[in-house]
Amino acid sequence: MNSSLQQVTSQEYKYGFVTDIESDSAPPGLSEDTIRFISAKKGEPDWLLAFRLKAYRHWLTMKEPAWANVHYEKPDFQKIVYYSAPKQKTPKYQSMAEVDPELIRTFEKLGVPLNEQKALAGVAVDVVFDSVSVTTTYKEKLSEVGIIFGSFSDAVREHPELVKKYLGSVVPFSDNFYAALNSAVFTDGSFCFIPKGVTCPMDLSTYFRINNKESGQFERTLIVAEEGASVNYLEGCTAPQFDTNQLHAAVVELVALDDASIKYSTVQNWYAGDKNGVGGIFNFVTKRGLCKGRNSKISWTQVETGSAITWKYPGCLLVGENSIGEFYSVALTNHQQQADTGTKMIHIGKNTKSTIISKGISAGNSSNSYRGLVKVMPKAEGARNFSQCDSMLIGAKCSANTFPYIEVQNKSAKVEHEATTSKIGEEQLFYFQQRGIPAEDAISMIINGFCKDVFRELPMEFAVEATKLLSLKLEGSVG
Amino acid sequence: MATLTECNLLPELLVAPRPAAWEPVRKAAETALEGQELPTTKHEDWKYTDLKSLRETHFVPGQYRKVDIKERILPEARGTRLVFVNGHFDPPCSNISALPSGVRMLRLASASEAAGALGSLATPEGSDVFTNLNTARFTDGAYIFVPKNIHVEPVLHVLFVSDQEGAQPTCSLPRLLVVLERGATLNLVEEYWGHGCTLTNSVTEVLVREGAELVHERIQRESPEAFHFSSLRARLDRDARYISRTISLGARFSRQAPHIVLADEGTELTLDGLALLGENQLADTHSFIDHTKPHGTSRQLHKAIVDGKARAVFNGRIFVRPGAQQTDAQQQSRNLLLSEEAQVDTKPELEIFADDVKCAHGAAVGQLDPEELFYLQSRGLNLSTAQNLLTYGFAADLLARIPVASLRRQLRQAVMARTNAQDLASMA
């Protein structure tokens with residue numbers, strides 16, 4: 001390892017600070033009582049409690065999956081705090097002045113444009129802070145066009161019929177081990193409903209932040225786009241530094257009806273543990289979109305740079321005729337990070353199309369795996385898939401793996417998969433350097449070029465953040 | 001989950017006589033078998049391949065019987081041929097009169113010098129249940145040894161015939177051991193052929209020593225009712241070159257499991273495969289290419305033509321170990337679907353632990369290109385002729401690489417017959 005790589009290795013987590021707010025927490029441990037506590041605390045209707053309990057009972061029968069190419073100490077589910085909410089000083093905030101100033105400072109450090117003036121920057125933010133939605137901006141403006149955007153808890157209270165209709169319709173509680181756990185204990189999340197024919201006038205965004213030591217975060221996101229609706233949704237994550245592993249098992253469900261389109265972008269930069277692999281977030285996420293209607297489209301874009309362990313496969317069920325699924329991903333691992341990520345494209349309807357572009361960068365001692373499934377069902381006449389998975393290795397101790405599963409049961413389908421692995425060429429570097437560009441900048445430019453196909457799918461502000469993030473994380477890795 | 005004894009996979013063969021020198025490895029395999037079970041589709045490696053029909057069939061060990069191998073004779077290997085029927089050596093059909101001096105080609109049971117190398121690649125601890133079953137219970141097989149710097153002129157041909165006698169399905173455990181000493185070169189044809197409901201569970205071990213070169217054709221033309229399991233274990237020493245081509249035409253159910261270790265620097269591997277499937281056939285290829293040292297090159301091309309209700313499975317794993325810098329590995333899985341009910345499951349895998357490497361893989365599943373069909377039709381070919389020509393063409397490039405002319409011709413004809421392209425024979 002050269003000196004510049006060591007420099008990167010020693011880089012401290014930039015967003016590692018802890019806000020001191022008294023928590024209103026459940027005691028650690030998981031039982032039916034914990035679930036009843038969460039449900040009661042949130043004042044949920046009976047059907048939701050029944051859903052949670054059903055999921056919990058099913059979860060008890062399931063085994064933790066072991067097929068992913070990641071190695072970690074299994075979390076002790078009885079040590080996790082399943083509910084913690086920032087203590088509220090009044091039942092509900094009336095204005096910004098009432099919000100805990102400690103909290104506001106946290107948001108300021110994170111750069112969340114919380115107040116009205118900042119919100120004018122153009123992003124409506126539903127801030128999830130340790131599982132309870134504190135405030136929502138731009139809600140009114142959105143509700144003028146009929147868009148419902150807010151915390152999951154509010155949606156359960158205000159629009160129970162919608163939540164009931166779509167909750168678990170894409171990711172059933174029995175889907176997998178962590179989805180079942182999430183269904184049982186999820187505390188909050190975001191809900192978004194775009195009615196028929198409405199194009200959302202602004203990008204919607206949520207910041208997730210894990211703040212209470214020992215608190216696993218179980219978020220639930222549900223986005224529904226009705227006929228002809230369209231929305232851009234951004235999710236960004238940073239978390240403070242901790243020494244115990246934190247479990248994050250979120251579930252994201254997207255539903256697109258006829259001619260609807262949903263674009264879901266993520267920049268994930270959770271704490272990845274120190275250079276010896278101590279601490280860091282376990283990120284076991286189930287994300288799935290259902291292209292239910294004709295000509296619907298769901299597009300996933302993700303930039304994954306954080307977490308000790310990532311286990312995440314945003315997928316699309318392409319049910320509607322002519323529906324389109326897309327997956328653009330950059331996954332960067334360094335130090336002891338392990339990522340097993342990819343997508344699932346299930347072609348069910350006629351003339352469905354999917355595109356997969358995945359770029360993996362591994363450095364240090366990390367392991368970076370792409371695992372994807374492209375499945376063409378017998379009735380998916382004319383289905384079309386193109387997949388490209390490129391890996392880049394930086395240093396001799398990391399690994400890059402590709403596991404694409406291709407299952408085709410229709411002869412008119414056309415499925416293509418390509419994957420390459422390479423490193424930053426010395427000749428490329430030399431070319432930059434002889435033009436007077438320092439190696440550091442050259443690497444940054446090469447990496448950005450490598451990821452360009454994905455970055456250009458990101459909304460502007462995210463693209464800027466992602467570019468910065470990669471440069472920061474890889475500064476001087478090769479020389 | 002069924003255990004081995006429940007599946008009746010030949011406990012009788014345990015008592016058959018064998019050379020005492022095989023005992024250590026045979027016993028080790030028998031011990032390894034105790035902890036092993038027939039896999040189910042819950043095993044990741046058998047996800048797409050259900051052994052239900054195998055489990056339900058009762059096999060008895062095949063006996064020697066007289067067979068007519070006239071159509072299998074290769075003129076290039078007239079005097080360099082070994083034939084085994086149901087696992088038993090067949091002296092009348094074998095002919096090694098043209099074997100160059102110094103080159104050894106004989107039955108394993110009489111090759112005392114071979115015992116040490118047996119099971120050195122297909123080690124009992126590192127093998128699956130089928131390979132261990134073979135190691136534990138095989139009774140005979142072929143041994144080929146080429147001494148240092150000998151270039152073997154004639155093609156060597158080893159033919160394993162599976163022939164069902166009577167009503168009871170029969171089973172055989174063919175074994176082949178090939179050793180090429182430093183700088184030796186050889187063209188080898190390993191062929192499986194048969195009639196009736198048979199189970200062939202073969203293990204081939206190949207050692208290519210420093211600077212040696214082996215061109216190895218592996219032809220599977222079992223009967224349409226047969227089960228065929230074939231494990232190929234090869235090791236390439238420094239600067240060795242190995243070209244292995246597997247052509248699968250027969251068997252209702254077949255599984256090819258090549259496992260090649262590029263054990264030293266500067267090795268070169270070509271691993272090609274073609275599966276031609278129709279009706280309810282299933283062909284599964286699970287390959288593993290292990291790059292352990294720097295400057296290794298591997299090229300893998302696997303093609304499948306799938307018609308009827310057939311199913312093609314491909315799982316190609318390329319592993320680049322830490323330190324295997326300058327590895328250049330390329331893998332392609334190409335699949336042609338010809339019918340509504342045909343199915344392809346393909347999974348090319350790359351696992352890379354070295355940074356200065358060039359690795360690429362690709363997989364494609366598709367049908368005949370409408371534009372190509374249109375082009376041929378515009379030249380006056382009718383639709384079905386155009387389809388047959390293109391289907392044949394899909395397989396032809398792999399067949400064209402076979403250096404043994406008579407075998408190439410035979411296989412071309414077989415592929416044409418299967419793709420209804422006989423009328424194109426004049427063009428080919």
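Visitor: Before we get going, where do domain bounds come from here?

Guide: Domain bounds are taken from an automatic or database domain assignment. Also keep in mind that this is a predicted model.

Visitor: Okay, so which domains does chain B have?

Guide: Chain B splits into domain 1, covering 5-264, and domain 2, covering 370-428.

Visitor: And how far apart are the C-alpha centres of those two?

Guide: In chain B, the C-alpha centres of domain 1 and domain 2 are 31 Å apart. The two do touch: 11 residues from domain 1 of chain B and eight residues from domain 2 of chain B take part in the contact.

Visitor: Which strands supply at least two residues each on the domain 1 side?

Guide: Three to look for in chain B: β9 (185-195), β11 (213-221) and β13 (241-248) each give at least two residues to the side of domain 1 that touches domain 2.

Visitor: What's that side made of, by class?

Guide: The side of domain 1 of chain B that touches domain 2 of chain B has seven nonpolar residues, three charged and one polar.

Visitor: Switching to the whole of chain B. How many helices and strands?

Guide: Six helices and 21 strands in chain B.

Visitor: What about the radius of gyration against a compact globule?

Guide: Chain B comes out at 21 Å, and a compact globule of 428 residues would be near 22 Å, so the two agree. Along the principal axes, the C-alpha atoms of chain B fill a box of roughly 70 × 55 × 50 Å.

Visitor: How much of chain B counts as buried?

Guide: 53% of the 428 residues of chain B. As for contacts in chain B between residues at least 6 apart in sequence, 81% of them join residues at least 24 apart.

Visitor: Now the two chains. How many residues does each put into the contact?

Guide: Chain A puts in 29 residues and chain B 32 residues. On the side of chain A that touches chain B, β22 (384-394), β23 (399-408) and β24 (414-422) of chain A supply at least two residues each.

Visitor: Which one gives the largest share?

Guide: β23(A), with 10 residues of the side of chain A that touches chain B. By class, that side of chain A has 13 nonpolar, 10 polar and six charged residues.

Visitor: Which strand of chain B does β23(A) pair with, and in what sense?

Guide: β23(A) pairs with β20 of chain B, residues 343-352, in the antiparallel sense over six bridges.

Visitor: What stands opposite A:E407?

Guide: That's B:D345, in β20(B).

Conventions: Residues numbered from 1 in each chain as written. Chains lettered and ligands numbered in written order. Predicted model: local features only at pLDDT ≥ 70, side-chain atom pairs only at ≥ 80, totals over all residues. Contact = placed C-beta atoms within 7 Å. Helix = DSSP H or I, 4+ residues; strand = E, 2+ residues; numbered from the N terminus. Nonpolar A, V, L, I, M, F, W, Y, C, P; charged D, E, K, R; others polar. Rg over C-alpha atoms; globule rule 2.2 N^0.38 Å. Buried ≥ 20, exposed ≤ 12 C-beta atoms within 10 Å, placed from the backbone. Pairing = 2+ DSSP bridges.
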